[in-house]
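Below are my notes on the fold, as numbered points. Please read them with the model open.

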Amino acid sequence: MKKTVLSTLALLTIGLSATALAAEPQRPFTVVRTLQWGSFNLNPFTPNDQHLPPTLSAIYETLFFVNNLNGKVTNVLGTKYKWSKDNLTLTVNTRDGVKWNDGKAFSAEDVAFTFNYLKKNNLSSIWSSGLTSVTATNDNTVVFKFKEPNAPIFPFIATQAIVPEHIWSKIANPTMETNQKAVGTGPFVFDSYSQQALRVLKNPNYWMGDKPYIDAIVWLPTNGNDAALLKMLKAEGDFSYIGLTDPKAQYASKGKNNTYWWPVNSTNFLYFNNAKAPFSDADFRRAIAQGINTSEAALKAYAGVLKGADVSAVIPAQKKVWFPNTPADIDLKFDPAAADKALTAAGYKKDASGKRLGKDGKPLPTFKILVGAGWTDYITLAQVVSDNLEVLGINSTVDQQAFSGYITGFQTGTYDMGVSWSWGTGPTPYYLFYQSFHPNNTAPVGQTSPSNLTRYTNPVVTKALDEFRATSNAAAQKKALSTAVTQVMKDLPWLPLTDRSQFGIFNTTRFTNFPSDKNPYYDGNVDDQAGTRLLFLNVKPR
């Protein structure tokens, strides 16, 4: 352990200020990254890949944190929020006693300034979602007004980084600002930058008083998964984010302090091109879906760490809250014999050789299953699908495409079937279903669809999603979501294949209180996210 600390500190001698050295932390919490970072930039208004990792996770804070796993809202700079009865006004109360790390007092004026600054400089799409004004009515109250109800906008408002008016009002061009002397309200202040290490130190005047429990955070870059894993195995890091094929065998089994938490946060899908026959036929889609063994696919692609997905596509943590019961008559179980009968009943008979025919009596073509070139997990998933379809008399091939061809194929609707991730996530299933199936997010074949890859829409689903958007009443929202999810389960424009997860791994040699199934205070993402702040506030030295 001593060797580990000395190694870390040696790296940090590059670029440290005399002040930082005087306050040398005793036990820095170390984050091992699988890639390098860019130039010295702490501007929270730039994209995540352009600013440094501590920006949103350690220095700046938001009004609230909304947990994507279960929708739980945690107060940060906001202490309470309420929608008006007509859902056109959102009132947020802000926290007393908070100071920026330069000693100036934080107030609701800073919040109003931040959102109006976004509008003035065209820095966010929040203002294109019906927001008409943001006003501080006193030091602790901010009022957001909308031209039409839009309750799902709340997480985007809640997790916007808030900046000090007295600093940013003097910055005329925020897109060019590198903000190297960042002034935030967060639990840490920036200390040092180099290409070998980043460090932040505990904010001695942080408003939480007893938190954070750690006195510094260090980020160390590596050149890939293997190098990052080696550091974690050697206890040179406390936390990392590595997409291992088998975290039990590759990491957890190699040391008593090696643990991981991979919470399911989304889904891998087999997308059907609903604009193209025979995938335009719901009976055909549902029949072949019944013949695909999602459990086998998950086992072969993810070594049993991840499971076959729920056919509702609602992740387990959200299903408990938003969609507790799957209707028995539309649930889907792997049953190739039943799939064979269903295909025949739907008009897709077999010829004498066992090959499946179309409704016109002609042999079905060999379908392509689109995947990214070299993506071993997706290739494995597609191969299982192909093998299962062959049992049904349907020929298919795995179509590996470079990233640009892969994305273009999905978005322009030129594919047959394809394996991809959820093109829409959020703290409720609404965000997935809105992005995936609302007419606002589709386009004719040949044109780019933002996120409706299947090009499936249904008036029942659209109406339910619009009803969800128009209310902040939880019971009404649950009813609307149930309608949308049930209709999609009937029509199966996609097949939820396997769970997807975050890839957090921990070395608990020096620190405790990492997120877990029993304490899922955030989803375990190590990147620069508002949720990662909760990790840095909760971990404790042993």
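1. In this predicted model, strand β14 (residues 367-372) runs parallel to β15, and six bridges join the pair. One of the bridge partners is T397 in β15, which faces K368. Strands pair here if DSSP finds at least two bridges between them; helices (H or I, at least four residues) and strands (E, at least two) are DSSP runs, numbered from the N terminus.

2. Both strands belong to an open sheet of five strands with mixed pairing, in the order β15-β14-β16-β13-β17. Its edges are β15 (396-401) and β17 (494-501), each paired on one side only. Neighbouring strands of this sheet are turned by 25° against each other on average, direction ignored. Axes are lines fitted to C-alpha atoms, for helices over the stretch in contact, and angles run from 0 to 180 degrees between N-to-C directions.

3. Helix α10 (residues 294-302) packs on this sheet and touches β13 (264-272) and β17, making an angle of about 35° with the direction of β17. Contact means heavy atoms within 4.5 Å. Helix α13 (residues 376-391) also packs on the sheet, where it touches β13, β14, β15, β16 (417-420) and β17; its direction makes about 165° with that of β14.

4. A further open sheet has seven strands in the order β8-β9-β10-β1-β11-β18-β12, again with mixed pairing. The edge strands are β8 (188-193) and β12 (258-261), each pairing on one side only. The average turn between neighbouring strands is 20°, direction ignored.

5. Within the seven-stranded sheet, β9 (residues 198-202) and β10 (residues 216-220) pair in the antiparallel sense over four bridges. L198 has W219 of β10 as its bridge partner. Helix α7 (residues 225-233) packs on the sheet against β1 (29-32), β11 (239-241), β12 and β18 (504-507), and its direction makes about 30° with that of β18.

6. Overall, the protein chain has 18 helices and 20 strands. Its radius of gyration is 25 Å, close to the 24 Å that the globule rule gives for 542 residues, so the chain is as compact as a globular protein of that length. The radius is taken over C-alpha atoms, and the rule is 2.2 Å times the number of residues to the power 0.38.

7. On the basis of the values: residues are numbered from 1 along each chain as its sequence is written. Local features need pLDDT of at least 70 and side-chain atom pairs count only at pLDDT 80 or more, while totals for chains, interfaces and linings use all residues; side-chain values use heavy atoms, leaving out hydrogens and water.
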